[in-house]
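Trainee: I would like a close look at a single part of this protein, its interior. Please walk me through what packs there, and set it in the context of the whole chain.

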Amino acid sequence: MASENNELYRRITEARHLVALTGAGVSTLSGIRDFRGKNGLYNDMDAEKIFDIDYFERDPSFYYTRAGSFIYNIDEKEPSVVHTVLGALEQRGILKAVITQNIDLLHQKGGSANVIEVHGSPKVHYCMRCAGVRMNFEEAAKIVRSGGMPQCPHCGRVLKPAITFFGESLPAEALREAVTEAQKADLMLVLGTSLTVYPAASIPDYTLRSGGEVIIVNNMPTPLDRQAVMRFEELGPVFEGLKACLG
C-alpha cells in the first residue's frame with residue numbers, strides 16, 4: 001500500500017491540471033449517509049420523493065422533515081480527511097477545482113474554494129413564484145431545525161433550496177464550468193462516486209477524450225474502472241496516506 005500511495009502522490013503532484021470529481025461516498029466518512037451505497041438512504045427512505053420537484057410542489061413538508069437530518073444539521077458534521085486533503089492540495093496550487101455531486105457544503109468547510117456544485121446547493125433558498133426572493137443557508141437551517149419551513153415574505157409560499165431535484169435541469173453554468181475543467185485536466189481524481197447518475201457521470205469522459213487520465217477511489221464498481229490508471233477501494237486509507245505524504 002505504501003508504494004501505491006507514493007505512486008498516487010507522485011501522479012498528483014506532477015499533474016499540470018489536477019481536478020477532482022466527488023460523490024456521496026466522500027461524505028460518508030463525515031457520518032453522512034450516501035444514496036446508493038450499502039447503507040444508503042435509498043434502502044430505507046423515500047429518497048426519490050424527497051428530491052422530486054413535483055412532490056415538493058405538492059407537499060414541501062415532505063422534503064423539509066426528511067432532509068433535516070442530513071442537510072440542515074450539517075453544522076454538526078466535520079469535513080473528512082478527503083475534504084481536508086483536497087483543500088490542502090488546492091491551497092498549495094496543485095488541485096485546480098473540485099467538481100462535486102454533493103450538496104452538503106463540506107468541501108468548502110474543508111478548505112476548498114473553487115467548488116463546482118453540479119447538483120446545485122442549499123446555500124440559497126428561493127421563492128419559485130416571486131423573483132428575487134432569496135434566503136441564505138444559515139437562516140433557512142435555523143428555521144428548519146426549529147421545526148418550521150422557510151417561507152416567502154411576499155406570497156407565503158415555501159422556499160425551495162437551490163438543489164437540483166429530480167425533474168429539474170442541472171445548473172447550466174456549473175455544468176459548463178465542470179466540462180471546461182474536465183477538458184483541461186491531465187489527471188482527474190474520481191472519488192466516492194459510482195458514476196451512475198447522468199449527466200454528472202459523464203464528466204470524466206471529457207478528461208479521457210482530451211487525453212487525460214483518471215484515478216478512481218470508490219468502494220463499488222464504476223463503468224470506467226478499466227480505463228483508470230489507478231484504482232482503489234477505500235477512501236479513508238488512501239487519503240490518510242496522502243495526508244502523510246503532504247506532511
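Mentor: Happy to. Let us begin with one term: two residues are in contact when they have heavy atoms within 4.5 Å of each other. Keep in mind too that this is a predicted model. Counting the contacts in the protein with a separation of 6 or more, 66% are between residues 24 or more positions apart.

The overall frame comes next. The protein has 11 helices and nine strands, and its C-alpha trace spans about 60 × 35 × 30 Å along the principal axes. A compact globule of 247 residues would have a radius of gyration near 18 Å, and the protein agrees with that because its own value is 18 Å. Of those 247 residues, 52% count as buried. On the outside, the protein exposes about 11,500 Å², with carbon and sulfur atoms supplying 48% of that area. As for charge, there are 26 positive and 30 negative side chains, and the centres of the two sets lie 2 Å apart.

Now to the part you asked about. The largest nonpolar core holds 26 residues, and the members that touch the most others are I12, L86, L191 and F239. At least two residues of this core come from each of α1 (2-14), β1 (18-22), α6 (81-91), β2, β7, β8 (213-217), β9 (230-232) and α11 (235-246). There is also a second, separate core of 23 residues, and I53, F70, F137 and V158 are among its members.

L86 is a good residue to click on. Setting aside residues up to four places away in sequence, L86 touches A20, T22, L95, V98, H107, S112, L189, L191 and F239. Two of the names on that list, L191 and F239, also appear among the core members that touch the most others.

Helix α6 offers two more residues to compare. H83 is found in this helix, and H83 counts as buried because its relative accessibility is 0%. Beyond its neighbours within four places in sequence, H83 is in contact with V26, S27, S30, L106, H107, G110 and S112. H107 and S112 are also touched by L86. Q91 lies in α6 as well, but at 59% relative accessibility Q91 counts as exposed, since the cut-off for that is over 50%. Q91 and A113 are 22 residues apart in sequence, with a C-alpha to C-alpha separation of 8.6 Å.

Finally, have a look at the backbone in two loops. In the loop between β2 (95-100) and α7 (106-109) you will find L105, which has a positive phi of about 65° although it is not a glycine. L105 counts as buried because its 17% relative accessibility is under the 20% cut-off. The other loop runs between β7 (187-191) and α10 (203-209), and P199 has its place there. The peptide bond leading from Y198 to P199 is cis, with omega near 10°. L195 lies in that loop between β7 and α10 too; its phi is near 55°, again a positive value in a residue other than glycine. With a relative accessible area of 3%, L195 is buried.

Definitions and conventions. Residues numbered from 1 in each chain as written. Predicted model: local features only at pLDDT ≥ 70, side-chain atom pairs only at ≥ 80, totals over all residues. Heavy atoms only, no water. Helix = DSSP H or I, 4+ residues; strand = E, 2+ residues; numbered from the N terminus. Buried < 20%, exposed > 50% of the residue type's maximum accessible area, 1.4 Å probe, protein only. Rg over C-alpha atoms; globule rule 2.2 N^0.38 Å. Areas by Shrake-Rupley, 256 points an atom, 1.4 Å probe, with all protein chains shown as cover. Lys, Arg positive; Asp, Glu negative; His and termini not counted. Charge placed at Lys NZ, Arg CZ, Asp CG, Glu CD. Core = buried A, V, L, I, M, F, W, Y, C linked by side-chain atoms within 4.5 Å.
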